[in-house]
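Me: I am new to this structure and would be grateful for a close look at one part of it, the pairing of its charged side chains. Please also place that part in its wider setting.

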Amino acid sequence: MAHQTVGFPGLPDDPRASVTEPTPSCPVEITLAALHGRWTTLLIRELLRGDRTFSELRRALPALSDKVLSDRLAHLTEAGVLDRHRRPDWPPRVRYSLTSRGRDLGPVLQAMWDWGAGRRPPRGSASTGALGE
């Protein structure tokens, strides 16, 4: 499908591609909204490796604050990317896993990585992080 905001020649025809501004129903806008926020792609990367608890995610990404981690997990759960499984143990344990839609983001993130790998910012420029570094 063509990105509604682009309508670029060579992309598959889609009647929704003739809009003149972004819309919430655009598939690309839906994907970008799900991936919104710093650290989101790294959380998805960690969860592509398997289910994780909050503590395991915090250890995997030590520079990520508890507040931002909580916010991103809630966002990804609401977006349908993650499932939150609460076990009734004491203390209660919560495990996060990717939904099938969340697992489908793996190739999307890989394509983004491949595209960005050839366009790295010059040394000394601000960077927002990378999936494989």
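Reply: The following account begins with the whole protein, proceeds to the charged side chains and closes with a pocket.

The model is predicted, and for that reason local features are reported only at a pLDDT of at least 70 and side-chain atom pairs only at pLDDT 80 or more, while totals for chains, interfaces and linings use all residues. Numbering starts from 1 along each chain as its sequence is written, and side-chain values use heavy atoms, with hydrogens and water left out.

The protein contains 6 helices and 3 strands, these being DSSP runs numbered from the N terminus (helices H or I, at least four residues; strands E, at least two). Read from the N terminus, the order of elements is α-α-β-α-α-β-β-α-α. Of its 133 residues, 29% are buried; buried means under 20% relative accessible area, exposed means over 50%, and partly exposed lies in between (1.4 Å probe, protein chains only). Among contacts with a separation of 6 or more, 43% join residues 24 or more positions apart, a contact being heavy atoms within 4.5 Å.

Against this background, 6 salt bridges are found in the whole structure. The term requires a side-chain nitrogen of Lys or Arg within 4 Å of a carboxyl oxygen of Asp or Glu. Three of these pairs are described here.

One salt bridge links Lys-67 to Asp-71, with a distance of 3.0 Å from N to O. Both residues belong to helix 4 (residues 66–78) and stand 4 residues apart, about one turn of the helix. Lys-67 is exposed at 58% relative accessible area, whereas Asp-71 is partly exposed at 35%. Elsewhere, salt bridges with shared partners unite Arg-45, Glu-46 and Arg-49 in one network. Within that network, Arg-45 and Glu-46 meet through their side chains at 2.7 Å, N to O. Glu-46 is buried, its relative accessible area being 5%, and Arg-45 is likewise counted as buried, at 15%.

Another salt bridge joins Asp-66 and Arg-58, whose closest N and O atoms are 3.3 Å apart. Here Asp-66 is partly exposed, with a value of 37%, and Arg-58 is also partly exposed, at 33%.

What becomes of Arg-72, which lies in helix 4? Arg-72 is buried yet has no salt bridge, and the nearest side chain of opposite charge, Asp-71, is 4.9 Å away. In this reckoning Lys and Arg are positive and Asp and Glu negative, with His and the chain ends not counted. Beyond its neighbours within four places in sequence, Arg-72 makes contact with Gly-37, Arg-38, Thr-40 and Leu-43.

Charged residues also appear in the second largest pocket, whose lining comprises 7 nonpolar, 2 polar and 2 charged residues. For this division, Ala, Val, Leu, Ile, Met, Phe, Trp, Tyr, Cys and Pro are nonpolar, Asp, Glu, Lys and Arg are charged, and the others, Gly among them, are polar. The lining includes Arg-101 and Asp-104, together with residues such as Ile-30, Ala-79 and Val-108. A pocket is an open set of points on a 1 Å grid over the protein atoms alone, with protein on both sides within 12 Å along at least five of seven lines, and lining residues have an atom within 4 Å of a point. Helix 1 contributes the most to this lining, with 4 residues. The space in the pocket is about 240 Å³, a volume being that filled by probe spheres set on the points, which are joined across faces, edges and corners.

Notes. On a 1 Å grid over the protein atoms alone, a cavity is a set of points where a 1.4 Å probe fits but cannot get out, and a pocket is an open set with protein on both sides within 12 Å along at least five of seven lines; lining residues have an atom within 4 Å of a point.
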